[in-house]
Each structure stands twice: as C-alpha cells, then as structure tokens.
Amino acid sequence: MTLKQENILIVDDDINILELIQRHLQDLNYHSYKAISVKEAIQILKDTSIDLLITDLKMPEVDGFQLIKYVSEHYPSLPKLVVTGYPSLHEAVDVMKSGAIDYLVKPFTKEELKEAVLKSFLQKPKTNFTSSKVEKSTNQNYGELIGNSKELKKVTEIIERVKNNKATVFIHGESGTGKELVARAIHYMGKFARAPFITVNCAAIPESLLESELFGYVKGAFTGADSNRNGFFQAANTGTIFLDEIGSAPLAVQARLLRVLQEKEITKIGSQKVEKLDLRVITATNNNLEELIQKKLFREDLYYRLTVVQIKIPPLRDRKSDIPLLVDKFLFKYGVEYKDKFIKISSEAMEILMRNHWQGNIRELENVIQQAVILCDNNIEIKDLPNYLKFKINFENSTLLSLKEFEKNYILKVLAATNNNKTKAAEILQIDRKTLRQKIQ
C-alpha cells in the first residue's frame, strides 16, 4: 500500500537527530519540516498545514512539554509524538498526560519510527468532542476562551447550545472582554467550522461605505462602481457573519439587515435581483441598545430579531479566578515571541494583577503582560509592571469628603504606597517636589 504523503513537523535542538528523522520519514514517503526551537516550530504551525508533530522534550529555553501544551490548546486535532533520549517512568506518565499519543526512546530504528507514526495517525484526536471531553475543555479553554470560572462556564454552556444551529446570536460585553473570541468559538467549535467566518467592525467602516461593503453593488450603481462586487454577506454565505459594534450601524443599514434576518435574502445596491442566503448572523456591542432605541438611533424591531439568543460576557473583574490561566497563556505567547523561552511571574507580581480592577479587561491584561515580558530581565517581578498597577490605591466604599480633606487623604495614601518616597509620590500626583513639600506642611 502506498502511504499518503502527510506533512510532519520535527522539533529537536540536535540538528543531527533532525536530519536522521527527516531521512527516515522521506524513505517512508512523508514530507517533513524541521525546527530547532519551539519558537520556530510555532511559526511553522501558523504558516503550514501540519498533520503530525514529532518533538523532543529536553530543549533549551522552552521545552517540549510547553510545545505540547501549546499545540493541545491551539491545534487540538493535531496528533503529537514524543521522542527523547532521557526516558523515565515519571516522564512517560507526564508525556501521556500532556496529550501526546506515543512515546519513542532514542535511539530508535526506522521501523520503530514507522510504527509510532502510523499509530499516531490511527489514534488522531477527533475534532468532534464527546460531551465529557467538552466538559473538560470548558474547564481550561474553549477555543480561544480561557478560564475555569463559573461565569465563563455560563458563556460556554450557551455556546454549546447554539454552535450546531444557525440561530441569531447577540453578544454584549465591555470593551476588551473577548466578544469576537466568543463569536469565533460559536463558529469553529460547531459543525459549520469549515464554512466561511467573516468579521465586520461596523464602527471602523465609514457610514457612506458600510452599506455597499456589507451587501455589495453592481456596476454603475454609484460613482466609482466600475464592476460588480459581492459584499461581506455573500462572502459569508453558508457560514457565519460577525457584525461587531452593531450599535454604530446607520439606520439605512439596519433596515437592510432586518430584511436579511426576516427573508434570508439580500439585494445588491443598484440591482433588482434578489439573492438567497444561508448563513448565521452574530452581532456584538458594548453599547446599551435599549438606550439607542429610546434615542431613535436603533430600530426596535431589529433589536428583537438580533437578540434571539443573548450572551453576556462578564468583565474580567467578575472572573478573577481566570487571571492566572490567562497570564499563563500570555506568558507563553510573548515569552516565545520575544525571549524564545518560557517566562514566569513572581507570586508578588501575580498578587498585584489579582488585585487590579482591570477596566480594560482581558485586552488590558494582555498588554500588561506583553510589556512586562519585553522589559523583564529573566522572569517578571513587581518592578516590571506599569506604575499605575504598582501604586494603585483603592477608594471603594470611601465616604464623601470635602475637596481639602480628600486631597489630604489622597496625598497621605500615595506617600504610604510609595514608602514615603517623595519623588515617586510627586510623579504619581503629577506635581513637583516643591509643591508636594508645601502640601505636606
């Protein structure tokens, strides 16, 4: 029987081992890619369709266990085969727990490699999870949604109910909470995952262009329409269109969108021809649509069409138990990208992250970790965090005071937070040291 030429990625810091495995795989009619580091391997995974990962465990900086973890989260259907020259019972158990399908000890023969590769393909993880596997997935990550809090679990439970049908879904949440990630999870975790997924930010497209971009136009429909052009709705046909910041859509677009939802059809600008559609519409906003309805800026009939299924995404401050998992994800992502190693964070620095209110939600947290990874020497310490986190003062539940008393208390709290360092206190207060001395007196 002729073996199908699958793409196999080999990861090992020993170039001799890489070349040996590559020759064996070539003899077995497989096509292979080589990587001498986890960073290089991740880049290949992003750019190339890989059918099997073969990785060493003992590598400098980021090891094979971290690569397996990354692949399990981002490419759950990709089988993983581990090869190592340092076998132990404990390590073998850890490898299998990490998600690898088989474990091969160096040195090995071409025949042993062939058997292990065939076994890996035969036992390739299925993308259609059973209910028990979905339950396990929601405890850590669901698509790109990371967390094990009960608040996030409520979100993933709704996703489970809608992912395999084309019900219209409305997602509401503060900026930075991950509304697009929820939309992507609905699409890519369900049976329509191979169909198109089109994202449109309604706030980013000028009002004068949004209608033509969404619905398309025919040649001559308006000045500059030199040819027929399909819109985003035609591009998303059979799949999902995600309309972010739907509250920014002008009323003319809202009227057309209502017809799409009611009749499952569109008409291009300048055309009389009706085109049928078969797609799912997901919308999202951080605005209060009820208020926009009262101001006559949003159609009430469209609102009810859009909110067949509603998903409310909790802000990060309401799911703080997920912060360590999110930090771990960003540490790995940016540690590999900027330092080619896995960065850790001190317990003191993590405590500060856990205390923060996170007004900017997950987007703010990711930005903080990205910045800290770039600035840190080895691992992240308190000194690597932004000043606004290090010296943040909580005034919740404070009583109402006169402006003079409030200023006095605020200065005293800043001085206490900076261990009476007047230079740092003046910097936070945005005044010079002379003014601070006067106020202290």
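Tutor: Let's begin with a term we will need: a residue is buried when its relative accessible area is under 20%. Keep in mind, too, that this is a predicted model.

Student: Thanks! Which elements cover the buried residues of α14?

Tutor: Start with the helix itself, residues 323-339. Its buried residues include Ile 323, Leu 326, Phe 330 and Phe 332, and Lys 329 is also one of them. The elements that cover the buried residues of α14 include α2, α3, β7, α15 and α16.

Student: How far does α14 reach from its first C-alpha to its last?

Tutor: The helix has 17 residues, and at 1.5 Å a residue the expected reach is 24 Å. The model comes close to that, and just after the helix Asp 340 takes a positive phi of about 55°. From first C-alpha to last, α14 reaches 22 Å.

Student: On to the sheet. Why is one side of β2 and of β5 left without a neighbour?

Tutor: Look at the order of this open, parallel sheet: β2-β1-β3-β4-β5. β2 (31-35) and β5 (102-105) stand at its edges, so one side of each has no neighbour in the sheet, as each has a single partner strand.

Student: What angle does the direction of α3 make with that of β3?

Tutor: Here it helps to place β3 first: its residues 52-56 pair with residues 80-84 of β4 in the parallel sense, over four bridges. One of the partnerships between these strands joins Ile 54 to Leu 81. Helix α3 (residues 64-74) packs on the sheet and touches β1, β3 and β4; its direction and that of β3 make an angle of about 160°.

Student: Which residue with a positive phi follows α9?

Tutor: Helix α9 covers residues 207-215, and its buried residues are Leu 210, Ser 212, Glu 213, Leu 214 and Phe 215. Those buried residues pack against β9, α10, β10, α11 and β11. After the helix comes a residue with phi near 80°, Gly 216.

Student: Last one: how many nonpolar residues are in the contact of α7 with α8?

Tutor: The axes of α7 (residues 150-162) and α8 (residues 179-188) come within 9 Å and cross at roughly 35°, and the crossing is right-handed. Val 155, Ile 159 and Val 162 of α7 make the contact with Val 182, Ala 185 and Ile 186 of α8. No polar and no charged residues take part, and the number of nonpolar ones is six.

Methods: Residues numbered from 1 in each chain as written. Predicted model: local features only at pLDDT ≥ 70, side-chain atom pairs only at ≥ 80, totals over all residues. Heavy atoms only, no water. Pairing = 2+ DSSP bridges. Helix = DSSP H or I, 4+ residues; strand = E, 2+ residues; numbered from the N terminus. Contact = heavy atoms within 4.5 Å. Axes fitted to C-alpha atoms, helices over the stretch in contact; angles between N-to-C directions. Expected span 1.5 Å × (residues − 1). Buried < 20%, exposed > 50% of the residue type's maximum accessible area, 1.4 Å probe, protein only. Left-handed = near helix turned anticlockwise from the far one by under 90°. Nonpolar A, V, L, I, M, F, W, Y, C, P; charged D, E, K, R; others polar.
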